[in-house]
Amino acid sequence: MSSPDIAGILDNSKELDRLRKEQEEVLIEINKMHKKLQATPGVVEKPGDNSLSKLKILYTHAKELSESEVSISNILLSQLDALLPAGPPGQLRRRLEGNEQKRKRMKSDSDISRLSPNVRNQLEACFSLKGEQVAAKVTPNDADKDEWFVVKVMHFDKETREFEVLDEEPGDDEEGGGQRKYKLPMSNILPFPKRNDPSSAPDYPPGTHVLAVYPGTTALYKATVANRKRKTDE
């Protein structure tokens, strides 16, 4: 192996490490924004608030960093493949294919282990929502009007960080209705407090902006807390 080959691999390895550290910093900022919006969802309706714009910028940056990581990883793979010792073509191909399958199996767990404890805990919390009902915004961020529904979490992909959810109430659209499935980012999901753990429910004082469920439906609407009956937890 020549010195230029080693230098190139080391340089790309350092760049890959830098990209991952920057991704971790961006994810921490995204997590802070999520907590802010979950605690005070009505802040986005205040004049001059730019919370959603900041969140969009953070997600765009995270996407760019992720794409750069894929590009550098592919370059490193090519550099390493070019330096593998020569051997029977079939044997080399089987070895490469086996390594690729192993990388795919290990990628998700290794990516999670590199994250900060806060981000890792957030991803684990998302994964634990499987089978639970949550509030989900099913409309795009640039839609004229937000639509929120109560949905059931079917799956959480730790790699893409997307939820696969099911609206269990049959629709009444032109396609004949039926249960609808959505793939949504983490920012479009709000967990409900645990029914058997009243302490997990935030204290919503009168005047707080919240999402409420239309009786007998899975549709949610924006509302303002008028009063809270603590004895009944309503």
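This text walks through the salt bridges and the nonpolar cores of a predicted model.

Start with the charged pairs. The whole structure holds six salt bridges. Helix H1, residues 3–39, is a good place to begin. Here Glu15 and Arg18 join their side chains in a salt bridge, with N to O at 2.8 Å. The two residues sit three apart in helix H1, about one turn of the helix. Neither end is buried: Glu15 is partly exposed at a relative accessible area of 29%, and Arg18 is partly exposed at 40%. The pair also belongs to something wider. Glu15, Arg18 and Glu22 are linked in a network of salt bridges.

Helix H1 carries another pair, Lys21 and Asp17. Their closest N and O atoms are 3.3 Å apart, in a salt bridge. Lys21 and Asp17 are four residues apart, so about one helical turn separates them. Asp17 is partly exposed, with a relative accessible area of 39%.

Now move to the strands. Asp167 and Arg180 meet through their side chains in a salt bridge, 2.8 Å from N to O. Asp167 belongs to strand E3 (residues 162–171) and Arg180 to strand E4 (residues 178–185), so this salt bridge ties together parts that are 13 residues apart in sequence. What are the relative accessibilities of Asp167 and Arg180? Asp167 has 0% relative accessibility; that is under 20%, so Asp167 counts as buried. Arg180 has 23%, which makes it partly exposed.

Next come the nonpolar residues. The largest nonpolar core has 17 residues. Within this core, Phe163, Val165, Leu184 and Ile189 have the most contacts. Which elements each supply at least two residues of this core? They are helix H4 (117–127), strand E1 (133–137), strand E2 (148–157), E3 and E4. Strand E2 gives the most, with four residues.

Ile189 shows how this part of the model is put together. Set aside its neighbours within four places in sequence. Ile189 then contacts Phe163, Val165 and Leu184, among others. Those three are, with Ile189, the residues that have the most contacts inside the core. Ile189 also touches Val134, Ala135 and Ala136. Gln38 is in contact with Ile189 as well, and its number falls within the 3–39 range of helix H1.

There is also a second, separate core. This core has 15 residues, including Ile9, Leu37, Leu65 and Ile72.

Notes:
Residues numbered from 1 in each chain as written. Predicted model: local features only at pLDDT ≥ 70, side-chain atom pairs only at ≥ 80, totals over all residues. Heavy atoms only, no water. Salt bridge = Lys/Arg side-chain N within 4 Å of Asp/Glu carboxyl O. Buried < 20%, exposed > 50% of the residue type's maximum accessible area, 1.4 Å probe, protein only. Core = buried A, V, L, I, M, F, W, Y, C linked by side-chain atoms within 4.5 Å. Contact = heavy atoms within 4.5 Å.
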